[in-house]
Amino acid sequence: MTKTIKIGAICIVLCLFSFFKLAAQEIKLKEYSFTEFFQMITEEEDSVFSLSNAFIKFNKETDQKFILTFELDKPFNLKSANEDSIRIDKALELTNIVIESFTTATPEFLLFGLGKVIFSKPVQCTNCINFMVTQSTFNSTVTFRYNRQIRDLALILPPTPPPSLYICSSNFQSGLVISSGSSQVFSQFNSVTDKRNFQLTFFENVISANKEKKERVAILGSVFQTILFNKNVVEGSANLAISSEPAETQNESNGRLFGLEINDNEFNVPITNLRFDDQNTDLVTMKGNRWSGLILTSISELDRINTLIDGASLSEKLIDEETYKGYILPRLDEMQLRQADFYSQKDLDNYRQKQMIEDVNFYNSEVALRGLFKNYFDSRHDATSANQFYIEIKDLETRRLAYLYHQAPSFDGFFKWRINQFLKIFSAYGTEPAKAITFSVYVIIAFALVYLFFPNHWDSHGKHRIMDRYRFFLKYVNRDSGIHEVYLEEQKSELLNAEDFKAYLLEQGKTAPKFFMATAMPLYRWSVASTKTFSWFLEKIDFLKGKWSDTEPSKQGGKSFLLITAFLIALLYDIFIKMLNALMLSINTFTTLGFGEIPIKGLPRYLAIIQGFIGWFMLTIFSVSLISQLLN
């Protein structure tokens, strides 16, 4: 009995399968050439042209202008052979349409499609396959939808080419929607097409939309196995949604998205809703995009798939979609749910500036999202991107600490908040050691400017250095002696010490071993060498030759110029030495706090202690940041 029931059940299943297959094959596609297709549109008297169950096939006799070409180094950039644009002033409603996209029946490989077409009215395509469109303009709304009937259409598709929707170098002026009505469409379609890879390709298009006109930009691609969205410009006040939700299927090969590629696009929209299932996607690539608005995304894990993401373009743009919905939905009643703009600027600003910081659950979710990306970039040794997301996490933490402190003030809370702010400014939370060095240089220069106007033990002349320089030149111009003699007079105390040493050697060395004379005399010569050499140099360049008052009037002009030039050079040298002394004092205080001694008096002495504390703190931050980066 049981065996009979099993056999009967198997027969019923086989019969049902045969029935559905026969039912699917009931779709008959009537063939038209490209020229015939456009001729029917032109001859349609109604404002709407409708066509169902058709196969648009290339006719080499009449359809030469529908040939598409491409360069070998730019295979995605198709060009139309048509010289003039084709204008369609009727709305289009196309259902179950298959277009022949290429053929190998001719000696050369040929591509066919719609090129240089201007669509003035709305275009609605349902289950349309192998559309190749280039250099076209859509002045009104464009919709591509896929429902369960696509399975029936797939059953009668030829084995080649693989099904696709390919649009490049076109302009969408009133929004674009590509979607499937059910997540099961994916499995229903691909259970027939198997691994033929239904591909969506969008390349170098301009897509615009206006929120006030209820226009949308949405690519909800659960029916596609590969989505390539590259080098497009999306602009306007409407939001962009890109989704690749998988089918509910137990057959993994038919239920996976093979690839999602979003590269080198410019998204000039307030919100981009980016959603893909990481557990059912083989490859995700997002590189080189420019996002002017925020990115709402819902990703649970990145390491399960082969993912290539440019972290710089996503930094400071992400919002966790599920968390945001948890914030916005409870605030809307049933009527608002049907009409609400979930992503209004007011709600987004309130969520980002307040709710995601104050609500611990929202805060944890946003930190977890950024932590997911940080861990992803860490696993790929992309330290720059990982640091960017780490800084985002710490920024959120700093804002959270500020909120907690103001809710319950305490010293610990204040210290945690302020130390985070300090670390952000001076080392980007330990991710940029060079930043600590840069600020250290600023601190050293600032304190050096203070020390410049106060005397210190390292500058023997101190504030009298410039006065001594005036005294030297005034003495020179009012005496008959040369400048070298004035210089030797200024150095008299040092020279006397050396001469006294020489006289002592000559007197005592006669009765001492020759070793002392042999080694002491070179020491004497070395001690006076720099003074005598500079004196010799001054003698050679002495241009006054006597008192200034005795100089002939005709020569006073030239000598005045030389005299003032020499004075300014000497003055600049003095100022440089004074600045150098102040800088060295600041560096010494910053790094070592004067080896226990502070060589300065007055108020700067106390400032030096503060500088030493700052230096200790900054150098510690630098060391820890550097070690952290080396370990990473």
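## Close-up views of a predicted model

**View 1. Asn265 and its partners.** With its side chain, Asn265 reaches the backbone nitrogen of Lys231 at 3.0 Å. A polar atom of that same Asn265 side chain lies 2.7 Å from the backbone nitrogen of Asn232. Keep in mind as you look that this is a predicted model. Where does Asn265 sit? You will find Asn265 in the loop between β24 (259–263) and β25 (266–268). Is Asn265 buried or exposed? Its relative accessibility is 0%, so Asn265 counts as buried, the limit being under 20%. Leaving aside neighbours within four places in sequence, Asn265 is in contact with Phe229, Asn230, Lys231, Asn232, Gly288, Asn289 and Arg290.

**View 2. The whole protein, and how confident the prediction is.** Before the next close-up, step back for a moment. The protein has 632 residues, and 44% of them count as buried. They include 19 helices and 31 strands. Of the contacts with a separation of 6 or more, 71% are accounted for by residues 24 or more positions apart. The accessible surface comes to about 34,000 Å², and 58% of it belongs to carbon and sulfur atoms. The average pLDDT is 77, and 79% of the residues score at least 70. Which elements have the lowest and the highest mean pLDDT? Helix α1 (residues 2–24) has the lowest, at 36, and strand β13 (residues 137–138) the highest, at 94. Across residues 1–25 the pLDDT stays under 50, and the model has four contacts for them beyond four places in sequence. The pLDDT is also below 50 over residues 246–255, a stretch with 22 contacts in the model beyond near neighbours in sequence.

**View 3. The largest nonpolar core, with Phe144 in it.** This core has 77 residues. Which of them have the most contacts inside it? They are Leu94, Phe144, Ile178 and Phe373. Try picking out the partners of Phe144: apart from neighbours within four places in sequence, Phe144 is in contact with Cys125, Phe131, Leu165, Ile167, Leu176, Val177, Ile178 and Ser179. A second core, separate from this one, has 17 residues, including Tyr324, Tyr327, Leu348 and Phe362.

**View 4. Phe37 in helix α2.** Helix α2 covers residues 34–43, and Phe37 is found in it. Phe37 has a relative accessible area of 4%, so Phe37 is buried. What does Phe37 touch, not counting residues up to four places away in sequence? The answer is Phe49, Leu51, Ile56 and Leu94. Phe37 and Leu51 are 14 residues apart in sequence, while their C-alpha atoms are 9.4 Å apart in space.

**View 5. Helix α10, from its cap to the residue that follows.** Begin at the N-terminal end of α10, which Asp359 caps: one of its side-chain oxygens lies 2.9 Å from the backbone nitrogen of Asn361. Helix α10 has 20 residues (360–379), so at 1.5 Å a residue it should span 28 Å; its end C-alpha atoms are 28 Å apart, which agrees. The buried residues of α10 are Phe362, Tyr363, Glu366, Val367, Leu369, Arg370, Gly371, Leu372, Phe373, Tyr376 and Phe377. It helps to remember that an α-helix has 3.6 residues a turn, so residues three or four places apart point the same way. After α10 comes His381, with a positive phi near 60°.

**View 6. Helix α12 and the loop behind it.** The 17 residues of α12 (411–427) should span 24 Å at 1.5 Å a residue; the end C-alpha atoms are 23 Å apart, which agrees. Which residues of α12 are buried? They are Gly413, Trp417, Asn420, Phe426 and Ser427. Their cover includes α11 (383–407), α13 (433–451) and α19 (603–631). Just after α12, the phi of Ala428 is positive, about 50°. Tyr429 lies in the loop between α12 and α13. Although Tyr429 is not a glycine, its phi is positive, about 60°. With 8% relative accessibility, Tyr429 counts as buried.

**View 7. Asn127 in its loop.** Look for Asn127 in the loop between β11 (123–126) and β12 (131–134). Asn127 is not a glycine, yet its phi is positive, about 55°. Asn127 counts as buried because its relative accessibility is 0%.

Note on methods. Residues numbered from 1 in each chain as written. Predicted model: local features only at pLDDT ≥ 70, side-chain atom pairs only at ≥ 80, totals over all residues. Heavy atoms only, no water. Helix = DSSP H or I, 4+ residues; strand = E, 2+ residues; numbered from the N terminus. Expected span 1.5 Å × (residues − 1). Buried < 20%, exposed > 50% of the residue type's maximum accessible area, 1.4 Å probe, protein only. Contact = heavy atoms within 4.5 Å. pLDDT = per-residue confidence, 0-100. Areas by Shrake-Rupley, 256 points an atom, 1.4 Å probe, with all protein chains shown as cover. Polar contact = N/O pair within 3.5 Å; in protein donor to acceptor, adjacent residues only side chain to side chain. Core = buried A, V, L, I, M, F, W, Y, C linked by side-chain atoms within 4.5 Å.
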